[in-house]
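Q: Could you take a close look at a single part of this predicted model and describe it in connected prose?

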Amino acid sequence: MRIGLDEGDIDRVVQRYRLEMARYEAAARSVEQRLRRELREAAIPVLLSSRAKHPEDVRGKLRARRDDGRYVVDALLANLNQIMTDLAGCRVIVYDPRQESVAADVVRSALPGRPPGKADEVLDKDSGYKATHVLVVLDGPEVELSLQGAICEVQLTSIARHVFNELSHDIDYKHRGVTPGGDVQRHLRDVLNATQRLDTMIERLAGARAHELESSQRVIDDSEDLRFVLERLLNRPVRGEVGKLFRLLSAVVTPLTALSIASLDVPGALARGGRAIAEPSGSIDEEHDDVIGIALGLMDRYGETFRELASLWRGPATVLKRAILEASS
Amino acid sequence: MTTPHLLTLTELVGGLERHKGRYQALDVFAASVQELRDAVEHGRLGELRRLDPKRPWFGFERDGRGYQIKVHRGIARLTRQPGGPLGLSEDQVALGLLGAALGSTKQLPGMLLGFLVGSQLAPTPDAPRDVLTVRYDEAEARWRAYDGPLGRWIREEALRAEPAMG
């Protein structure tokens, strides 16, 4: 087997990719649409985008890796996506950097297929690049036949960090023969510093907003505000379908304010729900999240109603819906 | 065009008692209640008995139990009758009050909605309360929980009318 790619090899692979590019565009779009729904349910505000890698970017990457032992022409022609896993890409940009890991959990749970031997990467490089990369494989009965097995790279980062990541990437990889000089390096460091400060300021803003909601009588009228209040009560990010929890709570309690949510004893409900999840096996399944714990912990009070409401939810049965329908009050 | 289904007093009682005493009141759009519309349209209170000389508050019985229905700003609130004799005599003043309070300008959403109001979660004046928005399922002839887009509408209307309900 010949190691190393020449320009003829690269041309063949790029030509082959052109024929397959529509599949990767569809795969990326499918991931984006799925995540849009799931992240909305989780009440995490995000910017989402997706793309298939441009053929000239594929060419550039092949050139850069032409001496990499994995980049063998026969293997690339047989299954390019197994080697180049970012042909389909989806980007999830959160506002509050603390929500990057929560959003990554949503990705993992919504799209559980993983390529063998590829672990998630939580990157915090010396260069300043910071993001979480999750590789997902499109599979399952709801995925179109033509997309089955396609790998998509989901990148998650904060909006502030995204600015730095993109500028820095363009300077590093697309310098077009002009090496970045001292001024550019210095300004890039300034951008990184500003990015870090903006991340911190957004965290503070979100914390102050949560505090404001907690101490006011204002009615919580959307799931994002409910997330603020829950995170304040639990003093940590909340995982799960906050959108569905908002529907449950707003159906059974009025007025729904930070005060009324506190009066439900959310930490106590979470503890009770955790015990309910752990029975009878005694262990908590990884699928079960905070929202499921809170909902199950409130079943003694609202079980009948929660079951009735959950049975009305349309779409595929989520773990939360199943947990509610199967729980005893 | 088929005539829209209206809620009867019996169906309202079924909604209030569905949760076996958990909720104290069921609020619905008054224009959705058959007996209230009949009273205004035909000029007769029928089985309704006046409970208050100045307000459109009425009593009636189902299965030997007393209930009261109060109407304000287009909302009718059904509660259990605390006891005692049922009502004053029927008169035209009551019908006039009822007609004004029925809220003829309220548009029906093509759906029969109700808002169940229960007890407070804590013994403080502004404490939140147990509530549940419900929808009358005509096909199954029963009330079901509802958390769709019109839920907020009936809730806001009901809470706006509540202070006048005594």
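A: What follows is an account of one helix, its neighbour in contact and, for comparison, another helix of the chain.

In this predicted model, helix α13 of chain A covers residues 299–312 and has 14 residues, yet its end C-alpha atoms are only 17 Å apart, which falls short of the 20 Å that a straight helix would reach at 1.5 Å a residue. A bend of about 40 degrees is found in α13(A) at Thr305(A), and Thr305(A) is also one of the buried residues of this helix. The others in that buried set are Met299(A), Tyr302(A), Gly303(A), Phe306(A), Glu308(A), Leu309(A) and Ala310(A).

Helix α12 of chain A, residues 290–297, packs with α13(A) at an angle of about 100 degrees, the axes being 7 Å apart. Because angles of 65 to 115 degrees count as roughly perpendicular, α12(A) is roughly perpendicular to α13(A). On the α12(A) side the contact is made by Ala295(A), Leu296(A) and Gly297(A), and on the α13(A) side by Met299(A), Asp300(A) and Phe306(A); by class, these comprise 4 nonpolar, 1 polar and 1 charged residues. Met299(A) and Phe306(A) therefore appear both in this contact and among the buried residues of α13(A), where buried means under 20% relative accessible area.

Helix α7 of chain A, residues 182–214, has 33 residues and reaches 48 Å from its first C-alpha to its last, close to the 48 Å expected at 1.5 Å a residue. Its buried residues, including Leu188(A), Asp199(A) and Leu213(A), pack against β5, α6, α8 and α10 of chain A.

Key
Residues are numbered from 1 along each chain as its sequence is written. Chains are lettered from A and ligands numbered from 1 in the order in which they are written. This is a predicted model: local features need pLDDT of at least 70, side-chain atom pairs count only at pLDDT 80 or more; totals for chains, interfaces and linings use all residues. Side-chain values use heavy atoms; hydrogens and water are left out. Helices (H or I, at least four residues) and strands (E, at least two) are DSSP runs, numbered from the N terminus. The expected span of a helix is 1.5 Å times one less than its number of residues. The bend at a residue is the angle between axes fitted to the seven residues ending there and the seven starting there. Buried means under 20% relative accessible area, exposed over 50%, partly exposed in between (1.4 Å probe, protein chains only). Axes are lines fitted to C-alpha atoms, for helices over the stretch in contact, and angles run from 0 to 180 degrees between N-to-C directions. Angles under 35 degrees count as roughly parallel, over 145 as roughly antiparallel, 65 to 115 as roughly perpendicular and the rest as oblique. Contact means heavy atoms within 4.5 Å. Ala, Val, Leu, Ile, Met, Phe, Trp, Tyr, Cys and Pro count as nonpolar, Asp, Glu, Lys and Arg as charged, and the others, Gly among them, as polar.
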